[in-house]
Amino acid sequence: MSTIKTPPERIPRSICHEFVEFIPEILAPDTLYISIEFTTAAHLCFCGCGTKVVTPIRPTGWRFIFDGETVSLRPSIGNWGFSCRSHYWIRNSKIIWARPMTDAAIERGRMRDRYLTDHYFAETSAAHVTDAPSKSEATSRPSPLRRILGKSDD
Ligand SMILES: [Zn+2]
């Protein structure tokens, strides 16, 4: 049970936020930068490893909540790709640490992300298909245009 230790820096603490037009090249620690213009947010991984974490604010990405004083991001931020593998929430400008995840749990999270993304794009493309006059009918029957073109050779 003592194989996973919580590093001392993973304590709940408050962060700052800054609204910017462009995400700066060099980020200050414990600060969430938000660009409404580019619908994205960025910060340095709160574990202190110094990795830049970019969280796009999209229907398939993160939702950003600003209550006039504090900021929140949903869902949680899971840095599975980094060696630190830190996982935390930003809620009301506070870092809330999740317990370290197992590989299986990480895979489940990825599958869920994929499902949500596929589902979202399936919905948007379905909307396009219903706008077009029955596409399947057009492909299953010989194209009238083709016949006309064939005749024009005579
Ligand atoms: Zn980290």
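A residue counts as buried if 20 or more other C-beta atoms lie within 10 Å of its own, as exposed if 12 or fewer do, and as partly exposed in between. Keep that in mind as you look around this model, which is a predicted one.

Let's put the definition to work on Ser93. This residue has 18 C-beta neighbours inside 10 Å, so Ser93 comes out as partly exposed. You'll find Ser93 in the loop between S7 and strand S8, which covers residues 94–97. There's something else to spot here: Ser93 has a positive phi of about 60°, even though it is not a glycine. Why point that out? Most residues other than glycine have a negative phi.

Thr39 tells a similar kind of story. Its phi is positive too, at about 40°, and Thr39 is not a glycine either. Look for Thr39 in the loop between S2 and strand S3, the latter being residues 40–44. With 13 other C-beta atoms within 10 Å, Thr39 is partly exposed.

Now step back to the sheet. Four strands make up an open sheet, lined up as S1-S2-S3-S4, with mixed pairing. Strand S1 (16–19) and strand S4 (52–56) sit at the edges with a single partner strand each, so one side of each has no neighbour in the sheet. Going from one strand to the next, the twist averages 20°.

Zoom in on the S1 end. S1 and strand S2 (residues 31–35) run parallel and are joined by four bridges. To trace one of the contacts between them, start at Cys16: its bridge partner in S2 is Thr31.

S2 also matters for the next stop, the nonpolar core. The largest such core has 13 residues, and the ones with the most contacts inside it are Leu32, Ala41, Leu73 and Ile90. Three elements give two or more residues to this core: S2, strand S6 (71–78) and strand S7 (87–91).

Ala41 is a good place to see who meets whom. Leaving out residues up to four places away in sequence, Ala41 touches Leu32, Tyr33, Ile34, Thr55, Ile57, Trp62, Phe64 and Leu73. Two of those names, Leu32 and Leu73, appear again beside Ala41 in the list of residues with the most contacts inside the core.

One last curiosity takes you to strand S6, where Pro75 lies. The peptide bond that joins Arg74 and Pro75 is cis, with omega at about -5°. Most peptide bonds, by contrast, are trans.

Terms used:
Residues are numbered from 1 along each chain as its sequence is written. This is a predicted model: local features need pLDDT of at least 70, side-chain atom pairs count only at pLDDT 80 or more; totals for chains, interfaces and linings use all residues. Two strands pair if DSSP finds at least two bridges between them. Axes are lines fitted to C-alpha atoms, for helices over the stretch in contact, and angles run from 0 to 180 degrees between N-to-C directions. A nonpolar core is a set of buried Ala, Val, Leu, Ile, Met, Phe, Trp, Tyr and Cys residues joined through C-beta atoms within 7 Å. Two residues are in contact if their C-beta atoms, placed from the backbone, lie within 7 Å.
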